[in-house]
Amino acid sequence: VITNVGNHYIPHVGLFQCPDDDLYFAMWSLQAPSGRVAASLVMEGETVKYGPLTTEVPDSPSGTASMSSVLKCSIGRYVWLKAESWPDSDACNSVQAVYSSFTMFKLPVGDDEDVSVALTVELSQNTTLSGDIAFDSVLFDEGDNYDSSSGEFTCREDGIYVFVFGGHIASSSSYYDIYRN
């Protein structure tokens, strides 16, 4: 454990206990040998975010996969990460600890306790992308700032915003940018 401010993470069982009723940001990264592993963010036994993370990398003994999510958590509730192998793989049994991580923290809220901005979106199906990306599946949009038809996020308040993007790039010539007007 590198950082555990407030001691809300219980390392010997892998649980994070939410200290307040609020919005939280969770991000995780797993490195495993070639194969496939599925990861779920779980709160009190219910899956909050699930993702099959493909770690197959051609000509590589291992691969890394990452995901993130925003969630509402009530005081005292437990959140944890659960990894499972796909039926045809035992990759989960050998997740490489030194390159795997789990981060969770409470999102800061402005002076007005009722004003918050947080977003988690994803694509509902695999697709070949070119040009602007409009994530069509809105999992969480506190503040109603995202337009799923255009892919635009509108900053309705002055402040510092953090944007996290994760995706599988199938070509070495692919790249992604975040634009600001």
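In what order do the elements of the chain run from the N terminus on?

**View 1. The whole chain, strand after strand.** This is a predicted model, and its elements read β-β-β-β-β-β-β-β-β-β-β-β from the N terminus on. That comes to 12 strands and 0 helices. The chain has 181 residues, and 27% of them count as buried. Take the contacts between residues at least 6 apart in sequence: 60% of these join residues at least 24 apart. As for the outside, the accessible surface adds up to about 12,200 Å², with 48% of it belonging to carbon and sulfur atoms.

**View 2. Inside the largest nonpolar core.** Here 14 residues come together, and Cys18, Tyr24, Leu71, Val79 and Met104 are the ones with the most contacts inside the core. Strands β3 (22–33), β4 (36–43) and β6 (62–73) each chip in at least two residues. The largest share, 4 residues, comes from β3.

**View 3. Zooming in on Leu71.** Which residues does Leu71 touch, once its neighbours within four places in sequence are set aside? The list runs to Asp22, Leu23, Tyr24, Ala26, Leu41, Met43, Val48, Val79 and Met104.

**View 4. Another core, apart from the largest one.** This core has 6 residues, including Phe25, Val70, Leu107 and Phe140. In soluble globular proteins, nonpolar side chains tend to be buried together.

**View 5. A nonpolar patch out on the surface.** Met27, Val162 and Val164 make up this patch of about 270 Å². Val162 sits in the segment after β12 (152–153). Is Val162 buried or exposed? Val162 counts as exposed because its relative accessibility is 70%, and the cut-off for exposed is over 50%.

Conventions: Residues numbered from 1 in each chain as written. Predicted model: local features only at pLDDT ≥ 70, side-chain atom pairs only at ≥ 80, totals over all residues. Heavy atoms only, no water. Patch = residues over 30% accessible without salt bridge, like charges linked within 9 Å, V, L, I, M, F, W, Y side chains within 5 Å. Areas by Shrake-Rupley, 256 points an atom, 1.4 Å probe, with all protein chains shown as cover. Salt bridge = Lys/Arg side-chain N within 4 Å of Asp/Glu carboxyl O. Buried < 20%, exposed > 50% of the residue type's maximum accessible area, 1.4 Å probe, protein only. Core = buried A, V, L, I, M, F, W, Y, C linked by side-chain atoms within 4.5 Å. Contact = heavy atoms within 4.5 Å.
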